[in-house]
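Welcome, and thanks for taking a look at this one. Please open the model below and keep it in view as you read.

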Amino acid sequence: MPQKIYNYAIIGTGPLREKPGPTGYGMANTHWPAFSSSGRVNLVAIADLEPEHSAAFLKNHNQTAVTYTDYQKMLQQQQIDIVSICTWPDAHSELAIGCAKAGIKVIHSEKPMSDTWNGAKLMKAAADEAGVLLSFNHQRRHIKLFQHIKGLLDSGVIGKLVQIEAHCPNLYDWGTHWFDMLQYYNNECDVEWVIGQIESHTEHRIFGQRHENQGMVAYRWKNGVMGVLLTGAPSSIGCAQRIIGQDGIIEVLNERKYRLFSSKGNPAEEVEIPQGDLSDHQLTALDVIKQLDEPGHVSFLNATNAIRAAEVGFAAYYSSLHRGRIDLPLSYGGNAFATMLDRGDMGPNRKALEE
Ligand SMILES: NC(=O)c1ccc[n+]([C@@H]2O[C@H](COP(=O)([O-])OP(=O)(O)OC[C@H]3O[C@@H](n4cnc5c(N)ncnc54)[C@H](O)[C@@H]3O)[C@@H](O)[C@H]2O)c1
């Protein structure tokens, strides 16, 4: 029997990606080829505030689709099965809520979830209430190396998990990937508490959001495992992730290579895990589509998993503001880093302390 073809739409096509970078990355130009290569979707409509972005997108991908500047109008006029949200993070929550209320069955949004903790909670609640599937593009879960590492942890090769350390450029834009990955390693366990400190002395915007120059977060999951994330170049830990068990250590060197130190005598050799024929983005698209093919299949990029990562990040910001350990659930609904910057507690406009 021929497989069903689903109606697919994008919100936020972006300008053409001339130079990859933290402004105007054009992630829609990654979503569409990934979904298109599945052979399972028709691009029926796109919405972007800038008509020239939509026009350039269609021309670039040699597609025809109805274009809109108002995404709500698109939702009203089109029959859409799957939508990708590819705008900057400050718009994710409002757009996902709009799509959920319109009953779009599958909403796949770019990360990070939202620019505030309340925004993240509201978008998940709207999807739950409408009974639609909301997922986030933490596509690294579909990288073979990380799945191999999870398999090693499940096999018990380093014994009982004790602590996972990670390093990346920042807590929010990049950190969401690592917080999410650490959740995956630790079986989606709930987090008990978070303590964090961040430092900001220059204006540092990525995808419209302000980011710290350096940060450190320690947190404890309810199963007793500790997580540590250090951010900013000066705080390198010599690898991307170090996973410590009672009988050994795995160092994840990059997205293809790891090294295993085992008390059972394995030599600490570098092992390479190739990605295979399909990219992480293509595997993500297939996983998201499968949710419509097979009722009951829920992508592991789902909002329930993603929101744990978001909560740790926002709790780390709040810990820095509050100067204390934050026991979850996090009550502060805003973005404490933005609050500190706006108050002049830190950042380029920091007020000098009185002697
Ligand atoms: N998953 C990854 O590895 C990865 C990598 C890079 C970027 N990203 C994420 O991708 C997201 C998009 O960033 P980008 O730089 O690709 O975006 P972009 O600037 O290239 O495009 C965003 C587009 O959204 C449009 N837009 C904004 N608000 C809108 C609205 N309300 N309705 C319709 N259109 C609207 C803008 O006009 C713009 O054309 C960010 O959240 C970023 O964190 C993810």
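## The ligand shell

Before counting classes, it helps to fix the terms: Ala, Val, Leu, Ile, Met, Phe, Trp, Tyr, Cys and Pro count as nonpolar, Asp, Glu, Lys and Arg as charged, and the others, Gly among them, as polar. Please also keep in mind that this is a predicted model.

With those classes, the shell around the ligand holds 12 nonpolar, 9 polar and 5 charged residues. Altogether 26 residues surround the ligand, and the closest are Gly12, Gly14, Tyr25, Met27 and Glu110.

## The sheet and its helix

In what order do the strands of the open sheet run? The 6 strands follow the order S3-S2-S1-S4-S5-S6, with parallel pairing. Strand S3 (66–68) and strand S6 (133–136) have a single partner strand each and stand at the edges, so one side of each is left without a neighbour in the sheet. From one strand to the next, the twist averages 20 degrees.

At the S3 edge, you can follow the pairing in detail: strand S2 (residues 41–47) pairs with S3 in the parallel sense over 3 bridges. Here alanine 45 stands opposite valine 66 in S3. Helix H1 (residues 28–36) packs on the sheet, where it touches strand S1 (6–11), S2 and strand S4 (82–85). The direction of H1 makes about 170 degrees with that of S1.

## Two domains and their contact

The domain assignment of the chain gives domain 1 (6–139) and domain 2 (142–276 + 309–343). Taken over C-alpha atoms, the centres of domain 1 and domain 2 are separated by 27 Å.

How many residues of each domain take part in the contact? On one side there are 14 residues of domain 1, and on the other 18 residues of domain 2. Helix H4 (89–101) and helix H5 (117–130) each supply at least two residues of the domain 1 side. The helix that gives the most to this side is H5, with 3 residues. By class, the residues of domain 1 that touch domain 2 divide into 7 nonpolar, 4 polar and 3 charged.

## A helix pair: H6 and H7

Next, have a look at helix H6 (residues 144–155) and helix H7 (residues 175–185), whose axes come within 9 Å and cross at roughly 35 degrees. In H6, Phe146, Ile149, Lys150 and Leu153 meet Met181, Tyr184 and Tyr185 in H7. This contact of H6 with H7 has 6 nonpolar, no polar and 1 charged residues.

Methods. Residues numbered from 1 in each chain as written. Predicted model: local features only at pLDDT ≥ 70, side-chain atom pairs only at ≥ 80, totals over all residues. Pairing = 2+ DSSP bridges. Helix = DSSP H or I, 4+ residues; strand = E, 2+ residues; numbered from the N terminus. Axes fitted to C-alpha atoms, helices over the stretch in contact; angles between N-to-C directions. Contact = placed C-beta atoms within 7 Å. Near = placed C-beta within 6 Å. Domains from an automatic or database assignment.
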